[in-house]
Amino acid sequence: NIVSLLLEGEKEEKVAVPIAARKTIIGPKGVSIKLIERDSGAQIGFESDPEPCMLVRGTPEQREAAILMAQDVLDGEEEEQFYVEHRYHGYLIGPGGARVREIEQATCTRIVMSDEEPVVVVNGTKLRRDAAWELIKAKMDEYDAERSSEASEGMPGEG
């Protein structure tokens with residue numbers, strides 16, 4: 001039976017997590033826990049009795065990934081630089097800073113464009129920095145697609 005085989009592979013693991021750490025793992029507006037669940041494939045919950053812990057459901061690989069990601073969130077925020085050519089900076093910032101604010105809010109990071117170097121500096125946990133980088137790359141792809149469609153149409157672009 002395929003259902004029983006699937007169920008056998010999915011187990012639940014309890015990891016001791018102080019109640020005070022839950023808020024950090026969940027993150028503002030649930031951003032961190034949603035990213036952990038999305039990227040690991042595991043489901044996460046919390047329990048207080050008999051001991052405060054995080055419940056992680058999924059395959060052994062999913063559980064391991066989720067636990068490592070949760071630990072990254074608890075380890076704190078760092079700064080990381082990503083190579084981004086200057087030609088993208090204005091587009092990434094957007095009108096009145098709208099695009100960069102959108103990325104910051106979606107990922108709970110702080111993003112700064114360097115004037116001197118072709119880099120974008122992202123502050124946040126590893127999980128959040130990686131999510132921000134994915135959104136930044138998507139925006140750069142949008143920029144390139146807009147420029148190539150404008151060039152093929154021979155019309156001046158907006159923005």
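1. Start with Y88. This tyrosine is buried, with a relative accessible area of 7%. Keep in mind that the model is a predicted one. Y143 is buried too, and its relative accessible area is 13%.

2. How do the rings of Y88 and Y143 sit relative to each other? Their centres are 5.3 Å apart and their planes stand at 70°. Planes over 60 degrees apart count as edge-to-face, so this pair is edge-to-face. Y88 belongs to helix α5 (residues 86-93) and Y143 to helix α7, so the pair ties together parts that are 55 residues apart in sequence.

3. The two tyrosines have company. Y91 joins Y88 and Y143 in one aromatic cluster. The count of aromatic pairs in the model comes to 3.

4. Stay with α7, and look at another helix. Helix α3 (residues 31-40) and α7 (residues 126-153) have axes that come within 10 Å and cross at roughly 75°. Angles from 65 to 115 degrees count as roughly perpendicular, and α3 and α7 are therefore roughly perpendicular to each other. On the α3 side, the contact is made by S32, L35, I36 and D39. On the α7 side, L127, R128 and A131 make it. The residues of this contact divide into 4 nonpolar, 1 polar and 2 charged.

5. Now the strands. Strand β3 (residues 53-58) is mostly covered, with 5 of its 6 residues buried. Which strands pair with β3? Strand β1 (residues 11-16) does so in the antiparallel sense, over 6 bridges. Strand β2 (residues 43-47) also pairs with β3 in the antiparallel sense, over 5 bridges.

6. Some partners are worth finding by eye. A16 has C53 of β3 as its bridge partner. F46 stands opposite M54, again in β3. The link from β2 to β3 is a hairpin, through 5 residues.

7. A further hairpin is formed by β5 and β6, with 5 residues between them. Strand β5 (residues 110-113) and strand β6 (residues 119-124) run antiparallel and are joined by 4 bridges. M113 stands opposite V120 in β6.

8. Which side chains of β5 are buried, and which are not? The side chains alternate along the strand. I111 and M113 point to one face and are buried. R110 and V112 point to the other face and are not buried. M113 therefore has two entries in this note: a buried side chain, under 20% relative accessible area, and a place opposite V120.

Methods
Residues numbered from 1 in each chain as written. Predicted model: local features only at pLDDT ≥ 70, side-chain atom pairs only at ≥ 80, totals over all residues. Heavy atoms only, no water. Axes fitted to C-alpha atoms, helices over the stretch in contact; angles between N-to-C directions. Parallel < 35°, antiparallel > 145°, perpendicular 65-115°, else oblique. Contact = heavy atoms within 4.5 Å. Nonpolar A, V, L, I, M, F, W, Y, C, P; charged D, E, K, R; others polar. Buried < 20%, exposed > 50% of the residue type's maximum accessible area, 1.4 Å probe, protein only. Pairing = 2+ DSSP bridges. Phe/Tyr/Trp six-rings, centres within 6.5 Å; stacked < 30°, edge-to-face > 60°.
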